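Q: I'm new to this one and would like a close look at a single part: the buried interior. Could you walk me through it?

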Amino acid sequence: MSRISLIWFGAAISIAEILTGACLESLGLGRGLAVIILGHLIGFLLLVLAGIIGVKNKEGSMRSSALSFGKYGSFFFAILNIVQLVGWQGIMIFDASISAQGILNLGHTWWCLIIGILTIAWIMLGIKHRDKLNVVVMVLLLILTVILSFVIFSGVKNGELGVKSAGEVLSIGQGLELSIAMPLSWIPMIADYTYKAKKPVKATFSACLTYTLASTWMYVIGLGAAVITHETRIDQIMLKAGLGVAGLFIIVFSCVTTNFIDAFSCNQSTYALFPKDKIPQESESKSSLINNIKVNLPGIIDTIIGTAGAILFPMENITEFLYFIGSVFAPMISVQIADQFIIKHRKTDVKVDAVASIAWIIGFVMYRILMKYDFIVGYTIPNMVITILITIALRKLAEKIPSLSKKPA
């Protein structure tokens, strides 16, 4: 497995993914598995397309959005991505601290601080040392996750299936949305890791496939735990599995490795707001503490804010957060797909592309409207199809009104 794929494997081994899978309990094992697989196949396709856009432009994800939205338009999405990343840091640290607390009672605040400090330490290691440690941690996480899966799904053989949850009953469409939402949240970040690879297209495909398979696995663990053991608290699942300290390792370091990706992408999105010659570079051959702090300062600040948020605010329910992410980034990638793969739109010098901006606004509003209806295919797919068609129509119209596409906004 390549270094980039290993990083994305770490992104998927996540408490948040397991908990989201557990939310599908009311669908049962059969329909739940079908929804998870279909949602992740859709997510895989979107991730690959987003990654290839960055590869074609030889830029990270947020800088690549300038191809469609213009320079300042890309700034808008970079800022929204930073907001998303701060939110994810808080959610991940909150979930991990609650779960860790259930195994070793140190107090919620202390666990938040421990995980936050470990995340910053991981960021500060530098490429050379971090890669070596990452291999060791990922191997251990893989072994422990296999054991956890075996313990949970041995309940099927033992006939331990029970009644469905008395909680919220999801439709297939709602379940599909939750399955798509997690891969969709990584769209603004995927190209940050792959566009500099020696074989960027291959690296993109490998990273997306690794994430998709591992994320599907995490969702299935959450679903299986909820349906088979009727337990959705990760700490209790770990204890029932007899993992104890090993379970604590999974909880803490799965959070740290995922939070590192958020921090790195926060760096990329922040530096997308600055000229290229003003961006500090991390060296693979040598690094110093001062240089590491300078390069990773946005990610460090992101982690500090996320840690404070996890301590101060309750973050148990992330479904609304996932829906917000979908409403922002599903229309964004739809406009980019239409421009880069259908229309073959060429980048112009406009600061804000009026056509792309109007298409995104319509797509955003349409997403929020479609959320009120229960479609069997969910609302992300209909929203994306509509947004792509609107983008194509507006581009055709703009050809007849040159001022829309040529005059700087």
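**Inside the chain**

A: Let's start from the outside and work inwards. In this predicted model, the chain exposes about 17,500 Å², and carbon and sulfur atoms supply 69% of that area. As for what's hidden, 57% of the chain's 409 residues count as buried. The fold is built with 18 helices and 0 strands. Looking at contacts between residues at least 6 apart in sequence, 86% of them join residues at least 24 apart.

Now for the interior itself. The largest nonpolar core has 121 residues, and those touching the most other members are W8, L24, W88, W186, I187, Y211 and M332. Helix α11 gives this core its largest share, 13 residues. As general background, nonpolar side chains in soluble globular proteins tend to be buried together.

Take W8 from that list and look at the helix around it. W8 is one of the buried residues of α1, along with I4, S5, L6, I7, F9, G10, A11 and A12. Helix α1 covers residues 3–12, and because 9 of its 10 residues are buried, the helix is largely enclosed by the rest of the structure.

From W8 you can step straight to another name on the core list, W186. Setting aside neighbours within four places in sequence, W186 is in contact with W8 and A11, and also with E17, L47, Y211, T258, I261 and D262. So which of these partners also appear among the core residues touching the most other members? W8 and Y211 do.

Just before W186 in the sequence comes helix α9, residues 172–185, which packs against helix α15, residues 319–343. Their axes are 9 Å apart and make an angle of about 65 degrees, and the crossing is left-handed. On the α9 side, the residues involved are E177, L178, A181, M182, L184 and S185, and they meet T319, L322, Y323, I325, G326 and A330 of α15. By type, that contact divides into 8 nonpolar residues, 3 polar and 1 charged.

Finally, back to α11, the helix with the largest share of the core. It runs over residues 200–229, with T229 in it. T229 has 26% relative accessibility, so it counts as partly exposed; buried would need under 20%. T229 also pairs up in space with a distant part of the sequence: I152 is 77 residues away along the chain, yet the two C-alpha atoms are 7.2 Å apart.

Technical notes. Residues are numbered from 1 along each chain as its sequence is written. This is a predicted model: local features need pLDDT of at least 70, side-chain atom pairs count only at pLDDT 80 or more; totals for chains, interfaces and linings use all residues. Side-chain values use heavy atoms; hydrogens and water are left out. Buried means under 20% relative accessible area, exposed over 50%, partly exposed in between (1.4 Å probe, protein chains only). Helices (H or I, at least four residues) and strands (E, at least two) are DSSP runs, numbered from the N terminus. A nonpolar core is a set of buried Ala, Val, Leu, Ile, Met, Phe, Trp, Tyr and Cys residues joined through side-chain atoms within 4.5 Å. Contact means heavy atoms within 4.5 Å. Axes are lines fitted to C-alpha atoms, for helices over the stretch in contact, and angles run from 0 to 180 degrees between N-to-C directions. A crossing is left-handed if the near helix is turned anticlockwise from the far one by less than a right angle, and right-handed if clockwise. Ala, Val, Leu, Ile, Met, Phe, Trp, Tyr, Cys and Pro count as nonpolar, Asp, Glu, Lys and Arg as charged, and the others, Gly among them, as polar. Accessible areas come from the Shrake-Rupley method with a 1.4 Å probe; for residues, only the protein chains shown count as cover.
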